[in-house]
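Work through the exercises below with the model open. Each task is followed by its solution.

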Amino acid sequence: MAFCFLPFAFCLPSWALPPPEEVPEEVLRTEIITEARSPIDGKPITAAEYAQLQAELQTITPGASPLNPQLRELVFLLRVRQLLRRIGVPIK
């Protein structure tokens, strides 16, 4: 009985292969990106502008936010409130 399924065992790996017209992921990873979109507003920019923007964004310290301190505190309190609601603490 086990021998009747043997011919199908040789066909299974070929079913898992992608279609031949599909570009392999290894090739896509090595492609040079010549166009990009700004992470700020989504507008198309060149690769040089994208690299410059990434460098500028990395120089900004994470703690230095231009937000108003009162607004930052409000956001923190809202996150604490959301956490307490998930835990099940009744909040009025």
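**Exercise 1.** State which backbone feature Gly 88 shows just after H4, and compare the reach of H4 with the expected one.

Solution. Gly 88, just after H4, takes a positive phi of about 115 degrees. H4 has 19 residues and reaches 27 Å from first to last C-alpha, close to the 27 Å expected at 1.5 Å a residue. The expected span is 1.5 Å times one less than the number of residues. Helices are DSSP runs of H or I with at least four residues, strands runs of E with at least two, numbered from the N terminus.

The model is predicted: local features need pLDDT of at least 70, side-chain atom pairs count only at pLDDT 80 or more, and totals for chains, interfaces and linings use all residues. Residues are numbered from 1 along each chain as its sequence is written, and side-chain values use heavy atoms, without hydrogens and water.

**Exercise 2.** Find the salt bridge and place its partners.

Solution. Step one: the structure holds 1 salt bridge, defined as a side-chain nitrogen of Lys or Arg within 4 Å of a carboxyl oxygen of Asp or Glu. Step two: the partners are Glu 25 and Arg 29, at 3.4 Å, N to O. Step three: both lie in helix H2 (residues 25-30), 4 residues apart, about one turn of the helix. An α-helix has 3.6 residues a turn, so residues three or four places apart point the same way.

**Exercise 3.** Where is Leu 67 found, and why does Leu 67 count as partly exposed?

Solution. Leu 67 is found in the loop between helix H3 (47-59) and helix H4 (69-87). Leu 67 counts as partly exposed because its relative accessibility is 41%; buried means under 20% relative accessible area, exposed over 50%, and partly exposed in between (1.4 Å probe, protein chains only).
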